[in-house]
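Please work through the exercises that follow with the structure open beside you. Try each task before you read its solution.

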Amino acid sequence: MALAAVLWIPLPGFRTFHQWILKTMKGGSDLNYDRSKMLHRTFILLIGGILLLHITEAELVSSVSPLSKILYWLLYGSSFGLFLLSHSKAFRVKSEVLAIEEKQGIITIHLQPEKSIRYQSGQFTFMKVDKIAKGREEHPFSFLSHSPSSEDKSKIEPVSVAVRAVGDFTGNLIHLKPGDSVHLGGSYGNFRPGKEKALCFIASGIGTVPILSIFKELHSKGDTRKIQLFLAVNHEDELPERVKILELVSHMENVQAHLMVYNKASLRFSEEFFREKLTDYINYSYYLCSSPGVRNLVFNALRNMGIKKSSIHYEAFFFS
């Protein structure tokens with residue numbers, strides 16, 4: 001069982017294994033996100049309980065020093081204690097819905113937290129909405145807003161997220177109304193640029209959200225580095241805050257933006273495309289955010305152009 005738990009970790013080469021297990025359990029179709037997460041959590045807790053029982057019954061605890069016994073019980077106590085706390089509201093911030101809009105299946109939600117949420121642009125949060133999914137798991141969504149710019153930590157700034165409506169949970173978010181409450185749990189991820197000399201952001205679909213968050217922060221800080229921005233969507237309105245983003249671009253002489261709208265043009269990401277648009281492509285650090293298929297295509301194109309792996313960074317979307 002321990003080996004099975006280790007194999008479940010999403011390491012390269014094991015995704016096919018995971019998908020096969022899920023499809024087998026559901027009779028040919030993937031389990032939904034809530035159910036698969038619940039099964040995984042229950043499986044891990046079961047393994048932890050069996051190991052605890054085995055070590056105790058084998059009298060391994062009684063044969064060690066008192067300090068080791070204390071550390072042993074602290075390990076298990078803290079593990080299960082943190083698990084219980086994670087299902088309380090101790091680590092979540094209650095937030096009020098200020099406004100909500102939907103365009104081309106993309107739902108943008110503006111929220112006012114009860115207390116400040118400390119996060120970095122490019123990160124994501126877990127949202128729990130009792131109104132539409134009471135008792136169910138929270139879901140991860142990227143911040144569309146950028147990290148707080150005010151040095152006054154007592155100031156509570158609003159936040160926003162953007163979501164693609166593709167399932168029961170995300171599809172029902174459109175039924176939220178101003179004044180409704182949601183809970184945001186933490187900020188996660190490390191998808192953000194460092195001190196590189198030149199930046200190139202490449203995103204498609206809902207993957208544009210964390211890229212836009214980062215771009216808005218760069219604008220707010222008056223970043224003067226050379227920046228290339230490639231955003232690909234099926235429809236113009238699919239790009240969250242499109243008008244605002246284009247206005248920010250117009251105020252930054254160091255930025256070149258390429259908005260690709262598939263229903264208006266036949267352009268696609270490819271090695272030839274990037275060679276044409278980026279004459280000095282070897283000097284950039286690349287940040288990718290898209291579906292796995294598009295990401296792999298772009299990654300391979302950049303590698304064929306001679307870009308080092310260390311210069312290519314990406315945010316992966318994989319929850320099954």
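**Exercise 1.** Decide whether Phe-126 is buried or exposed in this predicted model, and then describe its pairing with Tyr-188.

*Solution.* Begin with the accessibility of Phe-126, whose relative value is 18%. Because buried means under 20% relative accessible area, Phe-126 counts as buried. Tyr-188, at 39% relative accessibility, counts as partly exposed.

Next, turn to the rings themselves, remembering that a search of the whole structure finds 13 aromatic pairs. The ring centres of Phe-126 and Tyr-188 are 5.5 Å apart and their planes stand at 80°, so this pair is edge-to-face, given that planes over 60 degrees apart are counted in that way.

Finally, place the two residues along the chain: Phe-126 belongs to strand E3 (residues 124-128) and Tyr-188 to strand E6 (residues 181-188), so the pair ties together parts that are 62 residues apart in sequence.

**Exercise 2.** Describe the aromatic pair of Phe-230 and Phe-274, and find which aromatic cluster Phe-230 belongs to.

*Solution.* First consider the geometry, in which Phe-230 and Phe-274 form an edge-to-face pair with 5.5 Å from centre to centre and 85° between the planes. Then locate the partners: Phe-230 is in strand E8 (residues 226-233) and Phe-274 is in helix H9 (residues 271-277), so that the pair links distant parts of the chain, 44 residues apart.

As a third step, look at accessibility, where Phe-230 counts as buried at 0% relative accessibility and Phe-274 is likewise buried, with a relative accessible area of 0%. The cluster can now be completed, for Phe-230 and Phe-274 form one aromatic cluster together with Phe-269 and Phe-273.

**Exercise 3.** Which residue has its charged end over the ring of Tyr-262?

*Solution.* Look at the space over the ring of Tyr-262, where the charged end of Arg-268 sits 4.0 Å from the ring centre.

**Exercise 4.** How many salt bridges does the structure hold, and which parts of the chain are linked by the one between Arg-164 and Glu-238?

*Solution.* Start with the general idea that side chains of opposite charge can pair when their charged atoms come close. The structure holds 10 salt bridges, and one of them joins the side chains of Arg-164 and Glu-238, with 2.5 Å from N to O. Arg-164 lies in strand E5 (residues 159-164), whereas Glu-238 lies in the loop between E8 and helix H8 (242-250), and the two are 74 residues apart.

To finish, compare each partner with the cut-offs: Arg-164 is partly exposed, with a relative accessible area of 25%, while Glu-238 is buried, with a relative accessible area of 2%.

**Exercise 5.** Describe the salt bridge between Lys-216 and Glu-241, and then examine phi of Glu-241.

*Solution.* The first step is the contact, in which the side chains of Lys-216 and Glu-241 meet in a salt bridge of 2.8 Å, N to O. The second step is position: Lys-216 lies in helix H7 (residues 208-220) and Glu-241 in the loop between E8 and H8, so the pair ties together parts that are 25 residues apart in sequence. The third step is accessibility, where Lys-216 counts as buried at 4% and Glu-241 counts as partly exposed at 21%.

For the backbone, recall that most residues other than glycine have a negative phi. Phi of Glu-241, however, is near 55°, which is a positive value in a residue other than glycine. Gln-104 also has a positive phi, near 50°, and it is found in the loop between strand E1 (92-103) and strand E2 (106-113). With a relative accessible area of 41%, Gln-104 is partly exposed.

**Exercise 6.** Which residues are linked in a network of salt bridges with Glu-217?

*Solution.* Take one contact to begin with: the side chains of Lys-221 and Glu-217 meet in a salt bridge of 2.8 Å, N to O. Lys-221 counts as exposed at 63% relative accessibility, whereas Glu-217 counts as buried at 6%. Adding Arg-192 completes the answer, since Arg-192, Glu-217 and Lys-221 are linked in a network of salt bridges.

**Exercise 7.** Which residues form a nonpolar patch on the surface with Leu-74?

*Solution.* Leu-74 is found in helix H4 (residues 66-86) and counts as exposed at 53% relative accessibility. Leu-67, Ile-70 and Leu-71 form the patch with Leu-74, and together these residues have about 430 Å² of accessible area.

Definitions and conventions:
Residues are numbered from 1 along each chain as its sequence is written. This is a predicted model: local features need pLDDT of at least 70, side-chain atom pairs count only at pLDDT 80 or more; totals for chains, interfaces and linings use all residues. Side-chain values use heavy atoms; hydrogens and water are left out. Rings of Phe, Tyr and Trp (its six-membered ring) pair if their centres lie within 6.5 Å; planes under 30 degrees apart count as stacked, over 60 as edge-to-face and the rest as tilted. Helices (H or I, at least four residues) and strands (E, at least two) are DSSP runs, numbered from the N terminus. Buried means under 20% relative accessible area, exposed over 50%, partly exposed in between (1.4 Å probe, protein chains only). A charge sits over a ring if NZ of Lys or CZ of Arg is within 6 Å of the ring centre and within 35 degrees of the ring normal. Patches are made of residues with over 30% relative accessible area and no salt bridge: like charges are joined within 9 Å, nonpolar side chains (Val, Leu, Ile, Met, Phe, Trp, Tyr) within 5 Å. Accessible areas come from the Shrake-Rupley method with a 1.4 Å probe; for residues, only the protein chains shown count as cover. A salt bridge is a side-chain nitrogen of Lys or Arg within 4 Å of a carboxyl oxygen of Asp or Glu.
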